[in-house]
Amino acid sequence: MDWGLTYVSITGSDGQGEEIPLTGFTNREWPAIFMQAGATGLDAPPVELYSDESPNLDGSMYRSSRTAAREVMLPLYIYGIDRKTLRDLKRRLISAVSPQNGSCVLKFVEADGQPRYLSCYYKGGLEGNEGQDNAGFRWVKYGLQLTAMEPYFYSQNIQVAEWTFGEGKAFLTQGEALFPLKLSHGSLSNSKIPVVNPGDARAWPVWEIKGPVKAFRFTSPSGESFSISARSDGSDVVADGRVLTVDTRPGIKTLKDDQGINYWPLLDANPSLWSIPSGKSTAGVELVAGAGSASLRLSLRPRYMTY
């Protein structure tokens with residue numbers, strides 16, 4: 001009851017399975033599965049520091065850092081109305097967090113109503129202990145241990161900005177994150193487009209380019225870029241009606257259209273599928289439309305240090 005208006009749940013099968021509340025008392029088998037005090041690993045993720053040492057200087061010199069995987073421990077109490085209910089509750093929980101069924105997703109909702117999600121893999125803690133202080137005929141206590149390979153919490157909302165343009169047509173923009181923009185004779189070119197990432201850490205955008213498009217270049221606030229130059233024969237790089245998706249997220253990094261065609265070999269030399277830093281920044285967008293109505297859509301999912 002000390003959790004008050006905070007809601008916590010866990011969902012297995014890569015977030016597609018049954019959502020099991022850990023702080024809600026709405027189940028008829030009250031109090032079912034719920035969290036006790038003592039959870040760890042839910043605030044700042046761990047950081048690994050790298051440094052160089054010099055034999056002629058005291059201490060070390062900072063070189064770089066990285067955010068490591070997050071270790072989470074949830075103290076759980078399971079209570080059943082009888083022995084069968086207890087066994088059913090244990091089976092549901094063990095099945096939900098089993099790595100064989102994929103990752104499990106922790107959901108946190110505070111009083112402000114903004115949900116945060118953390119994807120984890122089960123590490124241990126459900127082995128069971130029938131000692132007098134750990135289990136009884138209708139109850140059992142666990143210390144559920146999870147590892148979040150991606151240590152950041154994600155929000156539910158996806159930030160979106162969209163451009164629609166074409167030869168002889170007016171410019172339309174949606175959202176304030178990327179504004180103002182310039183349109184000139186079927187092309188989009190602006191080296192300082194305001195971009196807002198409301199999260200605590202850099203986010204990896206997904207670009208959707210709808211043809212006809214002859215060429216494009218996207219440049220990060222720090223100068224990194226990826227592009228596909230115009231063809232010598234004047235044909236479209238992205239044909240009319242095709243949608244090219246540039247997914248910059250780690251572990252994905254793909255350029256494919258809606259027919260599954262891989263555009264990666266078409267990229268100019270030394271491409272960098274860059275991220276957007278936290279807060280306000282500027283980015284460069286250059287895009288030349290073909291003979292028709294084209295569009296560009298940007299979406300990103302903010303990442304947070306804690307829920």
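**Thr6, strand 1 and the two largest pockets**

Thr6 is buried, since its relative accessible area is 10%, which lies under the 20% limit for that class. The model in which this residue is described is a predicted one. In the chain, Thr6 belongs to the segment that comes before strand 1, the strand formed by residues 7–11. The side chain of Thr6 is joined to the side chain of Glu110 by a polar contact of 2.7 Å. When residues up to four places away in sequence are set aside, Thr6 touches Thr23, Val109 and Glu110. Glu110 therefore appears both in the polar contact and among the residues touched by the buried Thr6.

Strand 1, which follows this segment, is itself mostly covered, with four of its five residues buried. Two pairings of strand 1 were examined. With strand 7, residues 104–109, strand 1 pairs in the antiparallel sense over five bridges. In this pairing, Tyr7 stands opposite Val109 of strand 7; Val109 is also one of the residues that Thr6 touches. With strand 2, residues 19–21, strand 1 again pairs in the antiparallel sense, here over three bridges. Ile10 is the residue of strand 1 that stands opposite Ile20 in strand 2. In a regular strand, side chains alternate between the two faces of the sheet.

The open spaces of the model were considered next. Empty space is revealed where a probe the size of a water molecule is rolled over the atoms. The largest pocket has a volume of about 440 Å³. It is lined by 17 residues, of which Tyr154, Arg249, Ile252, Arg301 and Arg303 are the closest to its centre. Two elements, strand 8 (115–124) and strand 21 (293–300), each give two or more residues to this lining. Strand 8 makes the greatest contribution to the lining of the largest pocket, namely three residues. By class, the lining of the largest pocket comprises 11 nonpolar, two polar and four charged residues.

The second largest pocket has a volume of about 210 Å³. Among the 13 residues of its lining, those closest to the centre are Thr67, Glu150, Tyr152, Arg202 and Arg303. The lining of the second largest pocket divides into eight nonpolar residues, one polar residue and four charged residues. Arg303 is thus listed among the residues closest to the centre of the largest pocket and also among those closest to the centre of the second largest pocket.

Definitions and conventions: Residues numbered from 1 in each chain as written. Predicted model: local features only at pLDDT ≥ 70, side-chain atom pairs only at ≥ 80, totals over all residues. Heavy atoms only, no water. Buried < 20%, exposed > 50% of the residue type's maximum accessible area, 1.4 Å probe, protein only. Polar contact = N/O pair within 3.5 Å; in protein donor to acceptor, adjacent residues only side chain to side chain. Contact = heavy atoms within 4.5 Å. 1 Å grid on protein atoms, 1.4 Å probe; cavity = no way out; pocket = protein on both sides within 12 Å on 5 of 7 lines; lining within 4 Å. Points joined across faces, edges and corners; volume = space filled by probe spheres on them. Nonpolar A, V, L, I, M, F, W, Y, C, P; charged D, E, K, R; others polar. Pairing = 2+ DSSP bridges.
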